[in-house]
Amino acid sequence: NGKKKQRKTRLPTICLPYTNEWDIIQIWQYIKKQGIPLRPIFTPGKKLKRIFCNSRPLYKTSCVLGNPERCEICPFINNGSCSRKGAVYQITCEACDAEVRYLGEAERPLQSRIGEHLRAMRNSRSHENNVIGQHQAATHPGVAPIISVMILDCKPNTVQRKLSEALFIHKQQPEFNDKSELEAVIKYTANA
């Protein structure tokens, strides 16, 4: 009876949507290989009943201003509106011959975040940390911003949104991201 039970240290958990066994194995192997201090929990997705029995099936989020024709941001967004919150998004510079992309995430409405990027593109000196603004100044000086925005994912939970962003960046390897987003996810989940 002199033996003491060793307790395992509790790792921070992260809830991820269940897709299939192959993806789960890949995620577990990646976490283990990279030594990431996380314990993923896989939860089932939406039930068909929730999808088909929606009390507002035609309800769509609309423009923050209430008028997408007069909105500065909505024309740039390919698959949603500027009122979307908790989005993981991709900005593509349409003025470049090659596809030049940036992936980001925002808890706030896209009206705010994309608006910041556009202001940085118009005045890069006052937004020195904005890579899209720096690209505009270096590659297309004096030209109005020509971008497109695509919403890749929406997650109201900060950890899930940051992980989704990091996975998209890892998968797509966009030109403007410095690939440090996964480190930010680890730091955020360790402190959560």
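Two strands are taken to pair when DSSP finds at least two bridges between them. Strands (E, at least two residues) and helices (H or I, at least four residues) are themselves DSSP runs, numbered from the N terminus. The model is predicted, with local features requiring pLDDT of at least 70 and side-chain atom pairs counting only at pLDDT 80 or more, while totals for chains, interfaces and linings use all residues. Residues are numbered from 1 along each chain as its sequence is written, and side-chain values use heavy atoms, with hydrogens and water left out.

## The sheet and helix α5

Three strands form an open sheet in the order β4-β3-β5, with antiparallel pairing. The edges are occupied by β4 and β5 (147–154); each has a single partner strand, so one side of each is left without a neighbour in the sheet. From one strand to the next, the twist averages 25 degrees. In general, strands of a sheet pair through backbone hydrogen bonds, either parallel or antiparallel.

Strand β3 (residues 87–93) runs antiparallel to β4 and is joined to β4 by seven bridges. Within this pairing, Gln90 stands opposite Leu103 in β4. Helix α5 (residues 158–172) lies across β3, β4 and β5, and runs at about 165 degrees to β4. Such angles run from 0 to 180 degrees between N-to-C directions, the axes being lines fitted to C-alpha atoms, for helices over the stretch in contact.

## Glu105 between strand and helix

Glu105 lies in strand β4 (residues 100–106). Its relative accessibility is 17%, and Glu105 therefore counts as buried. The term buried means under 20% relative accessible area, exposed means over 50%, and partly exposed covers the range in between (1.4 Å probe, protein chains only).

Leaving aside neighbours within four places in sequence, Glu105 is in contact (heavy atoms within 4.5 Å) with Ala87, Val88, Tyr89, Arg161, Lys162 and Glu165. Two of these residues also make polar contacts with Glu105 through their side chains: Arg161 at 2.6 Å and Lys162 at 2.9 Å. A polar contact is a pair of N or O atoms within 3.5 Å; within protein, one must be able to donate a hydrogen and the other to accept it, and residues adjacent in sequence count only if both atoms are side-chain atoms.

## Salt bridges

A search of the whole structure finds eight salt bridges. The term denotes a side-chain nitrogen of Lys or Arg within 4 Å of a carboxyl oxygen of Asp or Glu. Three of the pairs are listed below.

| Side chains | Distance, N to O |
|---|---|
| Glu105 and Lys162 | 2.9 Å |
| Glu116 and Arg113 | 2.6 Å |
| Lys155 and Asp153 | 3.9 Å |

The salt bridge of Glu105 and Lys162 is 2.9 Å, N to O. This pair links distant parts of the chain, with Glu105 in strand β4 and Lys162 in helix α5, 57 residues apart. At 22% relative accessibility, Lys162 counts as partly exposed, whereas Glu105, at 17%, counts as buried.

Glu116 and Arg113 both belong to helix α3 (residues 110–122), where three residues, about one turn of the helix, separate them. Glu116 is partly exposed at 24% relative accessibility, and Arg113 is buried with a relative accessible area of 18%.

For the third pair, Lys155 is buried, having a relative accessible area of 18%, and Asp153 is partly exposed at 21%. In addition, a network of salt bridges links Glu99, Arg101 and Glu175.
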